[in-house]
Amino acid sequence: MTPIVSIIMGSTSDLPVMEKAAQLLNDLHVPFEMNALSAHRTPEAVEEFAKNARSRGIKVIIAAAGMAAHLPGVIAASTSLPVIGVPIKSSLDGMDALLAIVQMPPGIPVATVGINGALNAAILAVQMLSLENKELETKFIAYKEGLKKKIVKANEELKEIKYEFKTN
């Protein structure tokens, strides 16, 4: 199996957040890889990864980092593939990471999700891949229908909760 999505994190301490992305990709049968690379501690490895990702079959990169959070931008600077940044909450409630990822210079965009938003990053990656993959698009539509059904069910369950002054 050749991965088409790459999940990169600054360190394995980001794994509890990034597992949500991995789980969705796994559930939808999207081949992916996961690696820990640091823009500051292994800059040569990050550059080599980014420059070679497309030739290895990668179509979308999800890159997570906290604090200074340069990893997504450094990757985006060395590839033409779409990069989705996930700011990790580590210091300053994750605002430092969010701003570091979202404030990229012209020509080096990083699609950025919310702080610790790994699941949304995976959903965005799947939406991108679905543009050319009808089978994945069908799976994704079913996933979205499942979300809808969960809310409808939850709303029905709320009707069973009784309070003296609750009117519905």
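A residue counts as buried when its relative accessible area is under 20%, and as exposed when that area is over 50%. Keep that cut-off handy for the exercises below, and remember that the model you're looking at is predicted.

**Exercise 1. Decide whether Phe140 is buried or exposed, then work out how its ring is arranged with that of Tyr143.**

Step 1: Phe140 has a relative accessible area of 8%. The cut-off for buried is under 20%, so Phe140 is buried.

Step 2: Now find the ring pair. The count of aromatic pairs comes to one. It joins Phe140 and Tyr143, whose ring centres are 6.1 Å apart and whose planes meet at 25°.

Step 3: Planes under 30 degrees apart count as stacked, so this pair is stacked.

Step 4: Check where the two residues sit. Both belong to helix H6, three residues apart, and that is about one turn of the helix.

**Exercise 2. Describe the overall layout of the chain.**

Step 1: Start with the elements: there are six helices and five strands.

Step 2: Put them in sequence order, and you get β-α-β-α-β-α-β-α-β-α-α.

Step 3: Look at the whole chain. Its C-alpha atoms fill a box of roughly 65 × 40 × 30 Å along the principal axes, and buried residues make up 38% of the 168 residues.

Step 4: Bring in the UniProt record. An unreviewed entry there lists residues 3-151 as "domain: PurE"; this span is 46% helix and 17% strand. The record also lists residues 119-164 as "coiled-coil region", again unreviewed, and in the model that stretch is 83% helix and 0% strand.

**Exercise 3. Find out how strand S1 is placed, and what Ile7 touches.**

Step 1: Go through S1 residue by residue. Five of its five residues are buried, so the strand is largely enclosed by the rest of the structure.

Step 2: Sort them by face. Val5, Ile7 and Met9 are on one side, with Ser6 and Ile8 on the other.

Step 3: Look for a partner strand. S1 and S2 run parallel and are joined by five bridges, with Ile7 standing opposite Met34.

Step 4: Zoom in on Ile7. Setting aside neighbours within four places in sequence, its contacts include Met18, Leu25, Phe32 and Ile62.

**Exercise 4. Trace the largest nonpolar core and say which element gives the largest share of it.**

Step 1: This core has 28 residues, and Ile7, Met18, Val30, Ile62 and Val86 have the most contacts inside it.

Step 2: Among the elements giving two or more residues are strand S1, helix H1 and helix H6. The largest share, seven residues, comes from H5.

Step 3: Don't stop there: a second, separate core holds 20 residues, including Ile8 and Ile75.

Step 4: Why do such groups form at all? In soluble globular proteins, nonpolar side chains tend to be buried together.

**Exercise 5. Show which residues of helix H2 are buried, which on the other side are exposed, and what the buried ones pack against.**

Step 1: In H2 (residues 43-52), the buried residues are Val46, Phe49 and Ala50.

Step 2: Look down the axis. These residues fall within an arc of 95°, so they line one face of the helix.

Step 3: Turn to the other side of H2, where Glu44, Glu48 and Lys51 are exposed.

Step 4: Follow the buried residues to their partners: they pack against S1, S2, S3 and helix H3.

Terms used:
Residues numbered from 1 in each chain as written. Predicted model: local features only at pLDDT ≥ 70, side-chain atom pairs only at ≥ 80, totals over all residues. Heavy atoms only, no water. Core = buried A, V, L, I, M, F, W, Y, C linked by side-chain atoms within 4.5 Å. Buried < 20%, exposed > 50% of the residue type's maximum accessible area, 1.4 Å probe, protein only. Helix = DSSP H or I, 4+ residues; strand = E, 2+ residues; numbered from the N terminus. Contact = heavy atoms within 4.5 Å. UniProt positions renumbered as here; feature names shortened; annotations may be inferred. Phe/Tyr/Trp six-rings, centres within 6.5 Å; stacked < 30°, edge-to-face > 60°. Arc of directions from axis to C-beta. Pairing = 2+ DSSP bridges.
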